[in-house]
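User: I'd like to go through this model with you and ask how each label is earned. Can we take it step by step?

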There are 2 protein chains.
Amino acid sequence: MMNAFNDLMAFQRETEALAQVAGRLGWDQETMMPRGAAEQRGEEMAALEGVLHARRTDPRIGDWLAAAKAPDAAGARAVELIGRAYRRTALVPARLAAEIARVTSLAQGIWAEARARDDVALFLPTLERVVALIREKGQALAEGGDAYDALLEDYEPGATGAALAAMFAEMRPRLVSLRAAVLGAAFQPAPLQGRFAPEGQLALARQMADAFGYDWGRGRLDLAVHPFSSGSGNDVRITTRTNEGDPFNCLYSTIHETGHAGYEQAIDPAHLLTPLGQGVSMGVHESQSRIYENQIGRSRAFTGWMFARMKDTFGDLGLADADAFYAAANRVHDGHIRTEADEVQYNLHIMLRFDLERDLIAGRLAVADLEAAWNERFLKDFGHAVGRPSQGMLQDVHWSAGLIGYFPTYSLGNLYAGCLHQALRRDLPGLDESLARGDASPATGWLRARLQQFGGLRPPEATVEHACGFAPSAGPLLDYLDAKFRAIYRL
Amino acid sequence: MMNAFNDLMAFQRETEALAQVAGRLGWDQETMMPRGAAEQRGEEMAALEGVLHARRTDPRIGDWLAAAKAPDAAGARAVELIGRAYRRTALVPARLAAEIARVTSLAQGIWAEARARDDVALFLPTLERVVALIREKGQALAEGGDAYDALLEDYEPGATGAALAAMFAEMRPRLVSLRAAVLGAAFQPAPLQGRFAPEGQLALARQMADAFGYDWGRGRLDLAVHPFSSGSGNDVRITTRTNEGDPFNCLYSTIHETGHAGYEQAIDPAHLLTPLGQGVSMGVHESQSRIYENQIGRSRAFTGWMFARMKDTFGDLGLADADAFYAAANRVHDGHIRTEADEVQYNLHIMLRFDLERDLIAGRLAVADLEAAWNERFLKDFGHAVGRPSQGMLQDVHWSAGLIGYFPTYSLGNLYAGCLHQALRRDLPGLDESLARGDASPATGWLRARLQQFGGLRPPEATVEHACGFAPSAGPLLDYLDAKFRAIYRL
């Protein structure tokens, strides 16, 4: 019996190692690969994905699972995670998986063209097909249960559409109201203006990663079109980008990715290359990037230090003082684009997508009616209209890639970050003194000890509850946002 | 029957794609990988090597080979190459292959320590073991034939120890004599002296790669401790290094690697990810790097252009004129280290190693007597003594890595380069006019058309003979070296 467990874990370890290789190729593709290599790389990746798929569906896994006796709780959790993945892979017919891969691969190019041309009609037939296929996948996975809930399991195991809807129902009216209050306030902070050399931004980005304890001995920072972090264990790399007119984009995307990467770097080495050796879910992962980026990185104390470093690098910033800089870093402004949204409005973008994609999968909303539904909802929550589809339903890549069930994890991450921040401030009353010196190590240390080190040991919600000492809810995030933004906007 | 051929080629194509992935990881390891990732990377590489080994020994290959009917000459050659690799893998017992992997992995660390401490005794027991294992491998591969010849097949298919020994016997006395004449000449060129900023060296290195037609759209240049090129087809990357006191090291290593990479980039796309899609042997590969580096890159015409570019970048070089620069770039100097040797002495270093390793495998030389044999031979050919073992038998990594049969391909490459250069000058009488403008494209075009595009289509020697129009021999290289160095040294 111990042999079955050991054989399973040894087999899984090689699979995890090969998955890391695939991740490294993905990193290379976005940072280093010469452009002429794209087609050949596609073939190389397909070969590696073929190897991974064969391993993940290897019938020996079923035999080992049936016989395995785990020696401890971590082993039992590993067996549970391997078993879940194995059963889910078996539930999706190979024909359907192949068709999803084929259609979504083509769909992303069609979506990009539709977005560039602001042409919804060009995208609709493809989106119809994607939604139908993903719905079919959800139904196969659900075994008679709810298809959307079954899809959620890929991103946030244990989450359900109903539970998320209840949380979001609590958040939405307060955020709509806060948004209106802030944008209608008499005082409006001045934005940061000027031109900021890329080299200076990158030097500052490295200081930001340092402040949050990024381990350069097990990672590196490079440029990418869309910032991301990549890898687990001892090779966790981050990327950023520079925009000469907007240094906050570079600095806060670096802090955000440092949050993701710091989580991976902090996981107990005993879990390396096991199913527990990665962040437990998209939502918990996002809570680590968001608490670094927003609750800590956009705090008054930390931005005071950042303001001094910015002046060291770029000279006078045209802002009166550290308070003005803090307000500029937290400025709320009208816009249509999720990825450019501030803390107040971001979750409204997500709730819109969550409600629509859930209705699409349930068949309550037809793809043909999606644009009208999007625009109506946007006007209701944001108070202004969508001008063109590239500002609306064509703005995100996710649906074309078949990623339905992914969006709500962003807001769940924000909600978890709110809870973690409340608990962290409870335990670290002197944190702001450190942050004002550019030292986030007490916060990082708290997160490592209470959450990050455990990796996938506990289910997502239990991971956050263990760290906080209380069950997660929307209250802490909403209270934090209210207090912070009413103060900044002098309401 | 066609099905067996098609199945075999499809299977092989995925294997080749996975081998490219392994190559990319190797590149990453030497250029980008954070140092803390080394151990995890070892596990990732081992998992991928395991996948490759399983594919290369898959019994279906035997069945396909037995049934395959190739539709054309290229297909027949591919089947031949797959069959040879498959039979050779089968001839080496798995136990022996695993033991070689284990021992050589440890041996490289022991060798590095022995070299650092100049302690031959520390390395001898390990080297005994390596030689015994590689001899056993050679005997297994030889099936009653010569073990060293069987080992050569891994690096230079078709070469034999006897044929190489005959070629080298022609080269050695002429090179020993040329070396003595040059080092005893009244005129001795001044070396290039000064400090040269790394940024300037790298900018020039890019110009050198441009001059030889390196395709940046399918490659890139990075820094590495030991320069190398990596990859096939549309992703062929090169590396270099900088030494502030010696810009020639950076520039000529870049040109050398551009030769290797240019060969890979020029192979007919129809051969991509087939057994024909790579350079056909180490010797032919080295002929491409060497003809770029030496016959062309160190020619009077090309160095004239390089001199002007160096002055553009670094200002006055303290050399009188382009003739003095040409002489400095070709300066012959006493030394013990193969990798620092000039065109005149390099092959003497190789012949020494070839004779010794061939005797080791044949059992004519005991590992315990290797140091004395090395030092005696060195004194005889180079006219001065080995001071310490790190300048002698401990200087190269090859033997600790089990690479016995590799060394002679360096000199074979030089010999082939001599032949190719003779043929190229015959066909391109105006080449120097282009080289003087920093344009090697006529030479590159000739090599692409006559040799590089074919990849592995023909056996190594036939590849060179097809390009030259005559059978390769040592004469052209020796005549070239005599003429060039007697002119430079005013003999």
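User: Before anything else, which domains is chain A divided into?

Analyst: Keep in mind that this is a predicted model. Chain A is split into domain 1, covering 2-91, and domain 2, covering 119-491. Their centres, taken over C-alpha atoms, are separated by 28 Å.

User: What makes the two domains of chain A count as being in contact?

Analyst: Contact here asks for heavy atoms within 4.5 Å. On that test, 20 residues from domain 1 of chain A and 31 residues from domain 2 of chain A take part. As for area, about 2,100 Å² is buried between domain 1 and domain 2 of chain A, with carbon and sulfur atoms giving 57% of that. A:W27, A:R77 and A:R88 supply 31% of what domain 1 of chain A buries against domain 2 of chain A, more than any other three residues.

User: Why is the pair A:D235 and A:R24 called a salt bridge?

Analyst: The cut-off is a Lys or Arg side-chain nitrogen within 4 Å of an Asp or Glu carboxyl oxygen. The side chains of A:D235 and A:R24 meet at 3.3 Å, N to O, so the pair passes that 4 Å limit. Between domain 1 and domain 2 of chain A the count is 2 salt bridges, and 9 residue pairs are in polar contact there.

User: Which helix gives the most to the side of domain 1 of chain A that touches domain 2 of chain A?

Analyst: That's α1(A), with 11 residues. Both α1 (2-31) and α4 (73-91) of chain A supply at least two residues to that side of domain 1. Sorted by class, the side of domain 1 of chain A that touches domain 2 of chain A has 9 nonpolar, 4 polar and 7 charged residues.

User: What makes A:D381 and A:R172 a tie between parts that are apart in sequence?

Analyst: Their side chains meet in a salt bridge at 2.9 Å, N to O. A:D381 sits in helix α15 (residues 370-382) and A:R172 in helix α8 (residues 161-183) of chain A, so the pair ties together parts 209 residues apart in sequence. Over all chains, the structure holds 78 salt bridges.

User: And how do you know that chains A and B are related by a two-fold axis?

Analyst: Chain B can be laid on chain A by a turn of 180 degrees with a shift of 0.0 Å along the axis, at an RMSD of 0.0 Å. That is the relation of a two-fold axis. Also, 100% of the interface residues of chain B are interface residues in chain A too, so the copies meet through the same surface.

Notes
Residues numbered from 1 in each chain as written. Chains lettered and ligands numbered in written order. Predicted model: local features only at pLDDT ≥ 70, side-chain atom pairs only at ≥ 80, totals over all residues. Heavy atoms only, no water. Least-squares fit on C-alpha atoms with pLDDT ≥ 70 in both. Domains from an automatic or database assignment. Buried area = accessible area lost by both parts, 1.4 Å probe. Polar contact = N/O pair within 3.5 Å; in protein donor to acceptor, adjacent residues only side chain to side chain. Helix = DSSP H or I, 4+ residues; strand = E, 2+ residues; numbered from the N terminus. Nonpolar A, V, L, I, M, F, W, Y, C, P; charged D, E, K, R; others polar.
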